[in-house]
Amino acid sequence: MIDHGGAGQVLHWAPANGFPLETYRPILEGLTAQYHCVTLPPRALWPSAGDPPADNGDWSELAVDLVAGIEERGWSDVVAVGHSFGAVASLVAATMQRSLFRALVLLDPVILPSSGMQQYARAKGADWQPDGHPLARQAIKRRSRFSSREEAFEAWRGRRLFADWSDSALAWYTDGGLRPDGSGGFDLAWSPAWEAYYYRSYKVDTWQNVARLDPALPILLVSGAESDAFGPEARAEFEAAVPWAESIVLEGSGHLFPQARPEATLAVLRDWLSRTVR
């Protein structure tokens with residue numbers, strides 16, 4: 001468990017694939033006044049992780065670990081907040097063991113429209129061994145070793161992925177995303193192999209879990225208007241399937257709005273939680 005601080009009701013934060021928890025620092029710090037913020041990290045960040053499985057998995061594995069970790073610690077009334085694939089894992093966990101959760105917050109969950117899911121299911125069965133997923137191929141090719149944190153920061157500062165991130169946000173990414181390699185340099189803390197595994201393990205039946213969400217469970221959906229991971233069609237389908245959920249779209253934001261716009265994200269969370277979670 002990673003303890004972000006605070007006291008009181010447990011708020012669990014599930015990160016996006018490949019993104020260190022440090023990149024959520026401003027949001028988590030802003031929530032610790034009201035909540036005990038924690039993370040049960042994906043296996044990619046476990047000290048004993050080793051290499052990922054060779055075959056494709058399923059993001060339900062993340063939900064199983066999350067439920068087991070919550071039950072082991074005796075937590076209840078957990079506020080589950082997840083970003084990207086962490087949002088999907090949190091959603092699935094809430095359908096696996098509803099009694100553990102008080103509220104669910106989904107930040108740009110990686111959910112395609114039903115038609116797109118069917119295409120992904122066919123592709124996953126045919127082409128994703130071992131690196132058929134395009135994002136998995138990119139992850140495997142990712143540079144994973146740097147001589148210094150400064151070198152890594154400068155290398156990443158020029159990438160389009162981080163174009164709308166502040167220097168502070170990128171510095172947190174650098175601090176959390178690297179670990180000493182034992183010879184004076186640094187390796188990626190979240191290995192390219194595990195990142196690729198999670199891309200290959202995309203959950204293609206998430207809509208079945210969406211259909212099983214409890215109408216008594218308060219749900220907040222926050223999406224980026226310019227997101228390429230959770231687009232307008234998927235958002236409309238989700239809103240129709242979960243009409244009791246509050247849905248907020250952040251204009252001018254992409255998939256990584258928690259990192260690019262932490263203040264706006266925190267404001268949305270604080271407002272909804274203050275109105276919803278007692």
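**The sheet and its nonpolar cores**

Reader: How many strands form the open sheet, and in what order?

Author: In this predicted model, an open sheet is formed by 7 strands, ordered E1-E3-E2-E4-E5-E9-E10, with mixed pairing. Strands (E, at least two residues) and helices (H or I, at least four) are DSSP runs numbered from the N terminus, and two strands pair if DSSP finds at least two bridges between them. Residues are numbered from 1 along each chain as its sequence is written. Local features need pLDDT of at least 70, side-chain atom pairs count only at pLDDT 80 or more, totals for chains, interfaces and linings use all residues, and side-chain values use heavy atoms, without hydrogens and water.

Reader: Which are the edge strands?

Author: Strand E1 (2-5) and strand E10 (246-250) are the edges, each pairing on one side only.

Reader: And in what sense do E4 and E5 pair?

Author: Strand E4 (residues 78-83) and strand E5 (residues 101-107) pair in the parallel sense over 6 bridges. Gly82 has Leu106 of E5 as its bridge partner.

Reader: Turning to the interior, which residues have the most contacts inside the largest nonpolar core?

Author: They are Phe101, Leu104, Tyr198 and Phe238, in a core of 45 residues. A nonpolar core is a set of buried Ala, Val, Leu, Ile, Met, Phe, Trp, Tyr and Cys residues joined through side-chain atoms within 4.5 Å, where buried means under 20% relative accessible area (1.4 Å probe, protein chains only).

Reader: Which helix gives the most to this core?

Author: H3 does, with 8 residues; helix H3 spans 85-96. A second, separate core has 40 residues, including Leu21 and Phe153.

Technical notes. Buried < 20%, exposed > 50% of the residue type's maximum accessible area, 1.4 Å probe, protein only.
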